[in-house]
Amino acid sequence: METTLRGVGVSHGVAIGEVRHMGTAVLEPPAKQIPAEEAEREQGRARQAVEAVAADLMARGNLAGGEAQAVLEAQAMMAQDPELMVDVDRRIAVGSTAERAVYDAFAAYRELLAGAGEYLAGRVADLDDVRNRIVARLLGVPMPGVPDSDEPYVLVARDLAPADTALLDPTLVLGFVTEEGGPTSHSAILARALGVPAVVALPGAGELAEGTMIAVDGSSGEIFVNPSDEKKAQLQAAAAERRAALAASTGPGATADGHNVPLLANVGGPADVPAAVEAGAEGVGLFRTEFLFLDDSKSAPSEEKQVEAYRQVLEAFPEGRVVVRVLDAGADKPLDFLTPADEPNPALGVRGLRTLLDHPDVLRTQLTALAKAAEGLPVHLEVMAPMVADRADAKAFADACRAAGLRAKFGAMVEIPSAALRARSILQEVEFLSLGTNDLAQYTFAADRQVGAVSRLQDPWQPALLDLVALSAEAARAEGKSCGVCGEAASDPLLACVLTGLGVTSLSMGAASIPYVRATLAKYTLAQCERAAAAARATDSAEEARAAAQAVLSGE
């Protein structure tokens with residue numbers, strides 16, 4: 001019998017296939033004691049296993065490239081965390097085996113994360129994956145992971161670690177469904193980069209029986225269990241219609257009545273550029289520069305290395321707009337040489353611009369490198385600071401840009417509610433705003449962007465979040481300046497229309513989402529988008545907001 005389940009759709013498309021479950025996690029190793037004379041040997045085994053796992057994660061990152069590379073490099077750093085290794089050595093010294101010491105040390109680290117205000121709780125899937133890989137290597141057993149299958153299937157898991165998601169084969173994995181995660185989790189971001197339909201935060205996903213036929217709608221978040229032939233045909237027809245619309249839609253982003261809405265790409269480094277160009281991106285709305293700094297957590301990359309990487313991206317968009325976010329270190333992106341190790345809640349501590357203002361030499365080098373990278377190029381370079389809280393932050397960043405001789409527009413990211421509430425004040429110091437809706441939702445609702453249990457509060461359709469977007473856009477319009485969105489909200493085609501109706505002037509997203517957003521925007525006039533935005537803001541929940549906007553745009 002056909003039944004319908006609903007999770008959170010995070011990657012467009014339809015997948016129809018049989019369920020295959022992710023391999024079972026590594027079992028807990030036995031707690032047996034070793035003689036004191038074996039401690040040194042066990043410590044050596046632990047170190048070798050950690051280094052091998054870190055090397056494997058780095059290799060997977062190199063193969064995957066792009067955003068996945070940055071995520072996997074961060075995971076490799078997690079494996080090599082010096083404090084964790086000290087704890088492992090200590091446990092072995094008092095009689096634990098290498099595998100048990102690793103298991104227990106990671107368990108203790110898990111508790112620390114929970115006690116740090118839950119911000120990092122969403123990284124537990126990454127942490128568990130690192131632990132499982134090290135323990136599996138020490139036990140000499142295969143690492144559980146993606147099923148071995150010759151036939152295409154839909155992958156179902158409690159959660160997917162980045163190392164698994166990054167290297168999924170789209171010819172075999174038709175789509176995936178997870179019980180945990182949220183719209184801005186690593187799995188969701190990587191699914192969009194791969195172009196694989198995906199639904200996350202589906203309660204009871206693990207109870208779907210192996211081999212069950214399901215249809216996954218990555219746009220609506222619906223899962224149809226044992227779908228009828230009629231339902232399959234309906235979904236396939238809708239998918240075909242969508243593909244035809246995508247193929248017919250080309251050129252710059254605009255509404256049906258010609259209101260221009262530049263569609264830009266989010267990139268994590270030079271490896272993401274080809275996909276962005278192919279998708280018709282009109283430039284880059286978010287160039288994350290963390291990938292350079294994750295190569296070595298002990299020191300910042302040289303000015304020369306930065307110039308080379310930045311220039312590769314700038315050269316790809318002649319006459320285009322490239323918005324660069326300076327280093328956003330701290331919280332889930334700790335760097336040994338920059339971020340404090342003992343913060344009780346890293347998400348609310350020294351992160352983003354706060355970190356850079358504490359280390360002006362690092363900021364100065366990055367800004368100087370950007371200035372040199374842009375020399376002689378016709379590109380429109382814009383540089384923005386993450387985690388701007390108020391006008392003082394904005395002024396400090398603009399002053400640093402001018403001191404570095406940077407000839408570019410200076411901007412501020414709106415990720416903290418205070419920045420949205422006082423956007424007009426901030427715009428006295430900078431020339432544009434860019435809304436990071438992922439973090440803005442996280443801080444607005446006190447809801448970690450990686451925790452599936454609070455995913456409803458991470459839904460970018462939440463009316464309170466739309467209110468903050470509207471406040472920022474209205475402030476920018478009043479000051480005659482621009483206000484874009486570079487968070488994951490921009491990748492939802494329907495929401496892109498609402499954001500346009502709220503007054504947002506550009507939209508930036510993963511390359512795979514650009515054709516969907518372009519085709520959808522072209523169907524509606526600016527007036528329709530404005531009415532849809534007003535209808536969404538007049539509701540009291542994300543579900544109601546989405547339904548209200550859909551009703552307006554469909555003429556109901």
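In this predicted model, Glu319 is exposed, with a relative accessibility of 55%. The residue sits in the loop between helix 11 and strand 11 (321-325), and its phi is positive, near 70°, although Glu319 is not a glycine. A positive phi also turns up at Ala201, here at about 50° and again in a residue other than glycine. Ala201 belongs to the loop that joins strand 6 (198-200) and strand 7 (213-217). With a relative accessible area of 13%, Ala201 falls under the 20% cut-off and is therefore buried.

Helix 11 (residues 303-315) packs against helix 13 (residues 360-374), with the axes 8 Å apart and at an angle of about 45°. The two helices are therefore oblique to each other, and helix 11 passes helix 13 in a right-handed crossing. On the helix 11 side, the contact is formed by Glu303, Gln306, Val307, Tyr310, Arg311 and Leu314, while helix 13 brings in residues including Thr365, Ala369, Leu370 and Lys372. Sorted by class, this contact holds seven nonpolar, four polar and three charged residues.

Turning to the interior, the largest nonpolar core has 103 residues, and those touching the most other members are Leu367, Val383, Phe397, Leu406, Trp461, Leu499 and Leu507. A second core, separate from this one, has 30 residues, among them Ala68, Phe106, Leu138 and Ala166. Beyond its neighbours within four places in sequence, Val383 is in contact with several residues, including Val324, Val326, Leu367, Leu370, Phe397, Leu406 and Phe432. Leu370 thus appears both among these partners of Val383 and in the contact of helix 13 with helix 11.

Technical notes. Residues numbered from 1 in each chain as written. Predicted model: local features only at pLDDT ≥ 70, side-chain atom pairs only at ≥ 80, totals over all residues. Heavy atoms only, no water. Core = buried A, V, L, I, M, F, W, Y, C linked by side-chain atoms within 4.5 Å. Buried < 20%, exposed > 50% of the residue type's maximum accessible area, 1.4 Å probe, protein only. Contact = heavy atoms within 4.5 Å. Axes fitted to C-alpha atoms, helices over the stretch in contact; angles between N-to-C directions. Helix = DSSP H or I, 4+ residues; strand = E, 2+ residues; numbered from the N terminus. Parallel < 35°, antiparallel > 145°, perpendicular 65-115°, else oblique. Left-handed = near helix turned anticlockwise from the far one by under 90°. Nonpolar A, V, L, I, M, F, W, Y, C, P; charged D, E, K, R; others polar.
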